[in-house]
Amino acid sequence: MNRIVIVGASTAGLSAAQTLRREGYDGQLTLVGAEPHLPYDRPPLSKQVLAGTWKPERVQPFDAAHYARLGVDLRLGRAATALDLPGKAVLLRGEWLAYDGLIIATGVSPRRPPWPHVLVLRTLDDALRLRAALRRLPRLAVIGAGFLGAEVAATARTLGCDVTLIDPAPQPMAHQLGLRLGARVARLHREHGVIVRTTTKVRGVTPSGVELHDGRTVQADLVVAAIGCTPATGWLTGSGLRLGDGVECDERGRAAPDVYAAGDVAGWHNAAFGTRMRLEHRLNAVEHANAVARNLLGADRPYAPIPYFWSDQFTTKIQAYGILPADAEITVEHGSLTGDRFVVAYRRDGRAVGLLGWNSPRELRTLRAHTFEPRRTR
């Protein structure tokens, strides 16, 4: 294998490139990115970058010299537009880039509402644009109370903005955590002065604010939409790859001969839980990319992780391992849901499939070791 191309200068793309070199690959290695920036971490965008406590360059783990030392050919600001699977080439705005091995790490794209002047947050440029707007301390309405929306609301409120968080679900983060823990998130935000409006849909956005379906209007000078993302697979339409919820891969991350996908864009069967998954978490992007890079070089090992993710809101750290099904039974393993420190388990048929810690990293690590580590050794 003389030439490997990685499409997506993301956390997954960077991790794949580093692993390939670490595993001894010494052929040509090209990293393609649609943005002009060097690869960067996204989790700080909605927190430290948005708050202004980090300079933009701090989210970039390496400077350009690092990629030169790795022998990586960076093609930044050049989006891939097509894939010729039989011809083994990727199209970059008029230039065909040949490959022997391909890793797709293009991540996801934010869903954009149909109304003008509504901001989204996905890229570094998005974060800087929103940060500049928040300096005027506007009345802010956030549409969507998932992880991103809740984090943006928390950061803006910490800066001193009047914030309203809007979601059609009964509780914030209900789809990620379930209703009981979603209610705890709602309480956290209300305690810090955020107006939380749930079980309500948006009819439209006007210069004066957000019009709700029940006839009320949320007064706002600035509106941010955090209504989810879709896998960035548009450029792969007609390529012959199976595209469902992302690029459909086998247990090893393989989408086609010599073609693999990793990170947010990839869906695969996770044997640890017996189900297909597509995860939009930073740690998965790193671990998945590492596994895929090794498999491209011949390791041929299934990727079956225990998912892990976290969220920082105000001074609260929410951490979770495993899966958190909406229909799971929730049991309190440490502390109390009415307190500021607790750990809960999500159970199906009496078996823990997920753990969530609220300001309890030590207790969560202990429970994780007893709950999940033996499963990895089977």
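Helices (at least four residues) and strands (at least two) are DSSP runs numbered from the N terminus, and the legends below use those labels for a predicted model.

**View 1. The loop around Leu137.** Look between helix H4 (124-134) and strand E10 (139-143), and you'll find Leu137 in the loop that links them. Its phi is near 50 degrees, a positive value in a residue other than glycine. For background, most residues other than glycine have a negative phi. Is Leu137 buried, partly exposed or exposed? With a relative accessible area of 49%, Leu137 is partly exposed, since exposed means over 50%.

**View 2. The loop around Asp349.** Here's another positive phi in a residue other than glycine: Asp349, near 55 degrees. Asp349 sits in the loop between strand E27 (342-348) and strand E28 (351-358). At 85% relative accessibility, Asp349 counts as exposed.

**View 3. Strands E1 and E2 side by side.** Strand E1 (residues 3-7) and E2 run parallel, joined by five bridges. To get your bearings, find Arg3, which stands opposite Gln28 in E2. How many of the six residues of strand E2 are buried? Five of them are, so strand E2 (residues 28-33) is largely enclosed by the rest of the structure.

**View 4. An open sheet of four strands.** Follow the order E18-E19-E22-E23 across this open sheet, where the pairing is mixed. Strand E18 (243-244) and strand E23 (275-277) stand at the edges, each with a single partner strand, so one side of each is left without a neighbour in the sheet. As a reminder, strands of a sheet pair through backbone hydrogen bonds, either parallel or antiparallel. Strand E19 (residues 246-248) and strand E22 (residues 266-270) take the parallel option, over two bridges. Val247 is a handy landmark, standing opposite Ala266 in E22.

**View 5. Stepping back to the chain.** Put the close-ups in context: the chain's secondary structure comes to 10 helices and 28 strands. The radius of gyration is 21 Å, close to the 21 Å that the globule rule gives for 378 residues, so the chain is as compact as a globular protein of that length. Along the principal axes, the C-alpha atoms fill a box of roughly 60 × 50 × 35 Å. Buried residues make up 54% of the 378 residues. Among contacts with a separation of 6 or more, 60% come from residues 24 or more positions apart. As for the outside, the accessible surface comes to about 16500 Å², with 49% of that belonging to carbon and sulfur atoms. The chain has 48 positive and 36 negative charges, and their mean positions are 3 Å apart.

Technical notes: Residues numbered from 1 in each chain as written. Predicted model: local features only at pLDDT ≥ 70, side-chain atom pairs only at ≥ 80, totals over all residues. Heavy atoms only, no water. Rg over C-alpha atoms; globule rule 2.2 N^0.38 Å. Buried < 20%, exposed > 50% of the residue type's maximum accessible area, 1.4 Å probe, protein only. Contact = heavy atoms within 4.5 Å. Areas by Shrake-Rupley, 256 points an atom, 1.4 Å probe, with all protein chains shown as cover. Lys, Arg positive; Asp, Glu negative; His and termini not counted. Charge placed at Lys NZ, Arg CZ, Asp CG, Glu CD. Pairing = 2+ DSSP bridges.
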